[in-house]
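Open the model in your viewer and keep the selection tool handy. This tour moves from one selection to the next and says what you will find at each stop.

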Protein chains: 2
Amino acid sequence: MDFLNRVKKIKATLVKKNLKFFKMLNFEFQNSTKIIFGKDTIGKLSTEIPTNSKVLMLYGGGSVKKNGIYEQVKKGLSNFEVIEFGGIPANPEYEVLLKALEIIKTENITYLLAVGGGSVIDGTKFLASAALYEGDSPWDILSKFIRTEKGMPFGTVLTMPATGSEMNSGAVITRAETQEKFGMGGPGLFPQFSILDPQVIQSIPKNQISNGITDAFTHVLEQYMTYPINAFLQDRFAESIMQTLIEVAPMVLENPFYYEAAANYMWSCTMALNGLIQKGVPTDWAVHSIGHELTAKFGIDHARTLAIIAPSHYRYNFETKKKKLAQFAERVFGVHTGTLEEKATAGIDKIEAFFHSVNIPTKLSEYTSEFEGTAERIEARFIERNWLGLGEHKSLTPADVKKIVEMSY
Amino acid sequence: MDFLNRVKKIKATLVKKNLKFFKMLNFEFQNSTKIIFGKDTIGKLSTEIPTNSKVLMLYGGGSVKKNGIYEQVKKGLSNFEVIEFGGIPANPEYEVLLKALEIIKTENITYLLAVGGGSVIDGTKFLASAALYEGDSPWDILSKFIRTEKGMPFGTVLTMPATGSEMNSGAVITRAETQEKFGMGGPGLFPQFSILDPQVIQSIPKNQISNGITDAFTHVLEQYMTYPINAFLQDRFAESIMQTLIEVAPMVLENPFYYEAAANYMWSCTMALNGLIQKGVPTDWAVHSIGHELTAKFGIDHARTLAIIAPSHYRYNFETKKKKLAQFAERVFGVHTGTLEEKATAGIDKIEAFFHSVNIPTKLSEYTSEFEGTAERIEARFIERNWLGLGEHKSLTPADVKKIVEMSY
């Protein structure tokens, strides 16, 4: 098979190349988003949006109308002309977003305001890009991976900590008809401001808090659980975020009115994916790539697919990741005894136990009884898309992915 | 004494108020500087400065001409019209900067490029502000604490990690004739870009590397060594920076050609004062306020004045800081035995020992034999300036400062 031989060759070269240098990689970092963080800060949006803006306010399924956030936002918008667009679903769908794009154009909208979690914010990023896109079809932005240098300006009011989208320039958009997820991004997609009031956590259902913790924790893992590269500060920052999530998770789940825990949870989720900890280090993201397929097929919540895949991924790639796994076990969970391999194994067990502690099952069979054949199906999809290697070494083949998914049953 | 009674009253109110709430403080965070980090990155400045800019290139005492940085910068600037201004001294002086300001105006400069350490960058920030200042005299910016909303755009090539000025919007300017230091800042003073090539460390004299490590370490202490406020992530980030500095300090001093150590040292210095770790927490900065007086009087290097004052400051304010001191001793230096007080005491000893380990003496008498009377003189200066309380509780009186300085002899 020509394709697999090609993968094999690339794999060999990259492993060799990457393993050769263990020094911090060159990087560029810039993040222009203004964070407004704290108790009773939602009203501040009134002074962040330029005067005379015509605002499209975007939100999701309507929970904002029940928890009081809607009223706070509307009050902050009282000096602006505002049109509302609700109903953006989890895994924001292209077809739904096209309707909002129509409104932006016919109503001459000049500013977007996302009021929601990662899905609403990601959807708004797509709209910010599409609103100024001059090509034939906004579909190109996704299918041709067009980078957004300049988008329509937008701000966010975060109602659910998890994805970090409130302080980064990336988005994931779903196309329902093909069961596909597309990533997009570019420097034009940083929110101008994001308001983070930890009190919003009080009205989030517990299973969604569990999802948020799992999502943020896995974001850190994807940027950390690779191989040591002597980036001491980035490692410690990543460990700091994971330690904090572990510390506050039981508090937040026990009592979402405990402000201190909510504040630490919220800020940790943002710092987990605002670009900082990925700078100068290799990143993995295989867990996300494989997890997306489980959401597409079974509709399993994004965060839960990560919890299903991550432990098997680390077990399957034990040799290349064991140094980092051992460091993680030592520093984050205080595992100080045993060989490197024993510590590394303990690290994986601790990750799995942490997910269980926030009520997240880590086996596919706990979510669906129709799991047989999933590994083969995902392998086929990866081959079909001519996909060339996952993981920090870009070395995992579709056959590797198949085995990882099998281990996750 | 009316003034001291006033201080006493404010002290009582503030201590009461601050101790009442132990939750993360509300904050705003925005940092627009683009960091270009890594090996052989200086040439990238050619694409960061807007085309057709007329550039004033600012540097210090000329070391850039000996270490090859000057040539790299000039090559990057080859497509621009450039005027040079060298000779900005450590503790950038107002009178010297006025000469550069004259050039900016007569030559219609449109872009500033700082090539140097904290002093050159701080001086450039003053110029960025003064160049667009419309008031009567640029002196007002300093004496009237005028915040800079918009400055002339500028970038930096960092030649000495220490102050963090390359990724923040603050500056300290000295007026020689009055022996005073003035702080200034504002959102218009973030560098547009800063180039951080860790290889620059190879040509820095060892005593200046020691200064840089001490400066950055104390920056973290000023934002951390206060009282616990349940800002778990900020605490851990601060501890991460200090742990990394402690880890790399001996490596950098031993061999500045060890790239991995240099890279971690450089990035730690930047992260120590780019705004991130101070968000949501109380900060102190008394060590800097007192230390500045020692530089003004004796010309002792800024970083060394911090090492002189910090241990005494923490010993004098032991009661209000002991919880954080103990946490520091445990997490940063692994002191796990003893009472809270014993751990806290060990924490101060460890700080002092760390300064000694990088060849920084921590007693004033090790720098000057004319130390007698210094405490009284500094007390008098603080009273004379009608100064109203230092430290995280704004509670330290000039009499307290006098005692701290006495303890530092």
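## Stop one: the two domains of chain A

In this predicted model, begin with chain A: the centres of its domain 1 and domain 2, taken over C-alpha atoms, are 27 Å apart. To colour them separately, select residues 2-27 together with 205-407 for domain 1, and 34-200 for domain 2.

Now look at where they meet. Domain 1 of chain A brings 22 residues into contact with 16 residues of domain 2 of chain A. On the domain 1 side, helix H8 (206-224), H10 and helix H11 (286-298) of chain A each give two or more residues. Select H10(A) next, as the largest share of that side comes from this helix, with 9 residues. If you colour the domain 1 side by residue class, you should get 12 nonpolar, 9 polar and 1 charged.

## Stop two: the two chains together

Bring chain B into view. A rotation of 180 degrees, with 0.0 Å of shift along its axis, superposes chain A on chain B with an RMSD of 0.0 Å. The two copies are therefore related as by a two-fold rotation axis. To find that axis on screen, centre on Ser32(A): its C-alpha, at 2.3 Å, comes closest to the axis of the residues of chain A. Both copies use the same surface, as 100% of the contact residues of chain A recur in chain B.

How many residues does each chain put into the contact? Chain A gives 34 and chain B gives 34. Within chain A, highlight strand S1 (27-37), helix H9 (232-254) and helix H10 (259-272), each of which supplies at least two residues to the side touching chain B. H9(A) gives the most, with 10 residues. Coloured by class, this side of chain A shows 15 nonpolar, 12 polar and 7 charged residues.

## Stop three: a sheet that spans both chains

Select S1(A) and S1(B), residues 27-37 of each chain. These strands pair in the antiparallel sense over 7 bridges. For a landmark, label Phe27(A), which stands opposite Phe37(B) in S1(B).

Next, widen the selection to the whole open sheet of 12 strands, whose pairing is mixed. Walk across in this order: S3(A)-S2(A)-S4(A)-S5(A)-S8(A)-S1(A)-S1(B)-S8(B)-S5(B)-S4(B)-S2(B)-S3(B). Strand S3 (81-85) of chain A and strand S3 (81-85) of chain B stand at the edges, each with a single partner strand, so one side of each has no neighbour in the sheet. On average, neighbouring strands of this sheet are turned by 25 degrees against each other, direction ignored.

Zoom in on S2(A), residues 54-59, and S4(A), residues 111-116: here the pairing is parallel, over 5 bridges. Leu56(A) has Leu112(A) in S4(A) as its bridge partner. Then switch to chain B and show helix H6 (residues 118-132), which packs on the sheet and touches strands S2, S4 and S5 of chain B. The direction of H6(B) makes about 165 degrees with that of S4(B).

## Stop four: a helix pair in chain B

Finish with H9(B), residues 232-254, and H10(B), residues 259-272. Their axes come within 9 Å and cross at roughly 145 degrees, and the crossing is left-handed. Show side chains for the contact, including Ile241(B), Leu245(B) and Val248(B) of H9(B) and Ala261(B), Tyr265(B) and Met271(B) of H10(B). What classes do the contact residues fall into? They divide into 10 nonpolar, 3 polar and no charged.

Technical notes:
Residues numbered from 1 in each chain as written. Chains lettered and ligands numbered in written order. Predicted model: local features only at pLDDT ≥ 70, side-chain atom pairs only at ≥ 80, totals over all residues. Least-squares fit on C-alpha atoms with pLDDT ≥ 70 in both. Contact = placed C-beta atoms within 7 Å. Helix = DSSP H or I, 4+ residues; strand = E, 2+ residues; numbered from the N terminus. Nonpolar A, V, L, I, M, F, W, Y, C, P; charged D, E, K, R; others polar. Pairing = 2+ DSSP bridges. Axes fitted to C-alpha atoms, helices over the stretch in contact; angles between N-to-C directions. Left-handed = near helix turned anticlockwise from the far one by under 90°. Domains from an automatic or database assignment.
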